[in-house]
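Work through the exercises below with the sequence and the model open side by side. Try each task before reading the solution that follows it.

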Amino acid sequence: MRNFRADYVFPVYADPIKNGIVTVDDNGKILAISDDPSTVTGDIEQLSGIICPGFVNTHCHLELSHMKDKIASGNGLVNFVKEVITMRRTVVANERQVTDAAIAADKLMYDNGIVAVGDISNTDVTAPVKKASKLYYHTFVEAMSFIPERAQAVFDSALQTLESFKPLPVSITPHAPYSVSKELFRLIKKYSDTGKNLISIHNQECEDENKFYRYKLGEFNDLYKFLEIDIDYFKPQARNSVQSIVPLLSNNQEILLVHNTCTNLKDIYFVRRFDKRVNWCFCPNANLYIEKRLPKINLFIDQGFNITLGTDSLASNYGLSILSEMATVQQHFPQISTEQLIKWATINGAEFLGIDKKYGTLLPGRSPGLNLITGLDNLKITAETQVKRLI
């Protein structure tokens, strides 16, 4: 048994506790939270900073970890996608290199206080890494094809990949509006309507995504030429991408819309009109890396949606730290408190992944991991703020 005392304890399910004490057993299970040392048995480890639950990273690409520092920043999403595809086609990255990079990235997340991850996979190469990890993983196997005739074959292939990750939690998900045909969306919806199948879809990462859906203009036309895909069949939808694809998603599943860099208030209101279980995920450091811009995060607050945080991949980020994502949000949106960001980084992600009975709060009986956040200034995140895993 261990007792940790800090300037503040953020249990998440209740208000922060000044000079709070967290007691855990030898396996990391929360036994008690108190602000009264006289109720505590044994020695108390006095710490400076905030104690909170372990972080939940709801969006990562572990299998792209070997692309760290390989893709230049700031060239826009379409160029980024082209480079990822080119590297996968031409760069000889053997399975051992991919696996070693994934193992290192998994450790990096562990060291940064992350306890659970929603991870995107296109292949089964990271399955052994996840099965051996100390972290909880839910794998989203992406189904991706904008060619209607290939929908069934691509879906069947995703089903086959899905089997490789079992018995870990795994589901099939559409990649993005610009890379999934309506026929493939329908197959995924039919599958999702019949059982447990969480959805995580990249959404509105750049203005050209909306431009393509509205007018069939912009850089995505160049992407399809690069991929040698004939898109004559596709007609302008006269509305933004998220408005076009939300009706194609299941009512039966939690849905994570990721990035939302160019989502506007009309889009948010449109999504609210549908009976969909939508969550929003922000990966601000990746948005800056790829597009040099951030979502209008303030528009999403108090709209009745669950908000989570992710890191994206080491191909599009300098690290895998949820604290760093929190710092970026607070730097650009100082009205968002550290308490609110911790909620986004813990219980909100746990609720989306369906693991909130164990992770996300410091409720007695749960084993969410313990993080110590130091280097704050009046409870605000600074350049000196760091996270240390306690449990």
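The exercises treat two sheets, a pair of helices and some details of the backbone, all in a model that is predicted.

**Exercise 1. Establish the strand order of the open sheet of four strands, and find which strands stand at its edges.**

Solution. Begin with the order, which reads β8-β9-β10-β11, and note that the pairing is parallel. Next look at the two ends of that order: β8 (55-60) and β11 (170-174) each have a single partner strand, so one side of each is left without a neighbour in the sheet. From one strand to the next, the twist averages 20°. For a closer look at one pair, take β9, residues 114-121, and β10, residues 136-143, which are joined in the parallel sense over six bridges. Within this pair, Ile120 is the residue that stands opposite Phe140 in β10.

**Exercise 2. Find the helix that lies across β8 and β9, and describe how it packs with α10.**

Solution. The helix lying across these two strands is α11, made of residues 322-332, and it runs at about 85° to β8. Two packed helices are described by the angle between their axes and the distance between the axes. For α10 and α11, the axes come within 8 Å and cross at roughly 75°. Since angles of 65 to 115 degrees count as roughly perpendicular, α10 and α11 are therefore roughly perpendicular to each other. The residues that meet are Pro284, Asn285 and Leu288 on the α10 side, and Ser324, Glu325, Thr328, Val329 and His332 on the α11 side. Sorted by class, this contact of α10 with α11 has three nonpolar, four polar and one charged residues.

**Exercise 3. Decide whether Asn285 is buried or exposed, and trace the contacts of its side chain and of the whole residue.**

Solution. Asn285 is found in helix α10, which covers residues 284-291. Its relative accessibility is 14%, and because buried means under 20%, Asn285 counts as buried. The side chain of Asn285 is joined to that of Thr328 by a polar contact of 2.5 Å. Leaving aside residues up to four places away in sequence, Asn285 touches Ser316, Asn317, Ser324, Glu325 and Thr328.

**Exercise 4. Compare the surroundings of His259 and Leu379, each of which has a positive phi although it is not a glycine.**

Solution. Take His259 first: its phi is about 90°, and the residue lies in strand β13, residues 254-259. With a relative accessibility of 0%, His259 counts as buried. For Leu379, phi is about 65°, and the residue is found in the loop between β16 (370-374) and β17 (386-389). Leu379, at 31% relative accessibility, counts as partly exposed.

**Exercise 5. Locate the cis peptide bond that joins Lys166 to its partner.**

Solution. The partner is Pro167, and the omega of this cis peptide bond is about 10°. To place the bond, follow the chain from α4 (151-165) towards β11, for Pro167 is found in the loop between them.

**Exercise 6. Describe the open sheet of five strands, starting from its order and ending with one bridge.**

Solution. The order is β3-β2-β7-β16-β17, and the pairing is mixed. The edge strands are β3 (17-18) and β17, each of which pairs on one side only. At one end of the order, β2, residues 8-9, pairs with β3 in the antiparallel sense over two bridges. In β3, Lys18 is the bridge partner of Tyr8.

Conventions:
Residues are numbered from 1 along each chain as its sequence is written. This is a predicted model: local features need pLDDT of at least 70, side-chain atom pairs count only at pLDDT 80 or more; totals for chains, interfaces and linings use all residues. Side-chain values use heavy atoms; hydrogens and water are left out. Two strands pair if DSSP finds at least two bridges between them. Axes are lines fitted to C-alpha atoms, for helices over the stretch in contact, and angles run from 0 to 180 degrees between N-to-C directions. Contact means heavy atoms within 4.5 Å. Buried means under 20% relative accessible area, exposed over 50%, partly exposed in between (1.4 Å probe, protein chains only). A polar contact is a pair of N or O atoms within 3.5 Å; within protein, one must be able to donate a hydrogen and the other to accept it, and residues adjacent in sequence count only if both atoms are side-chain atoms. Angles under 35 degrees count as roughly parallel, over 145 as roughly antiparallel, 65 to 115 as roughly perpendicular and the rest as oblique. Ala, Val, Leu, Ile, Met, Phe, Trp, Tyr, Cys and Pro count as nonpolar, Asp, Glu, Lys and Arg as charged, and the others, Gly among them, as polar.
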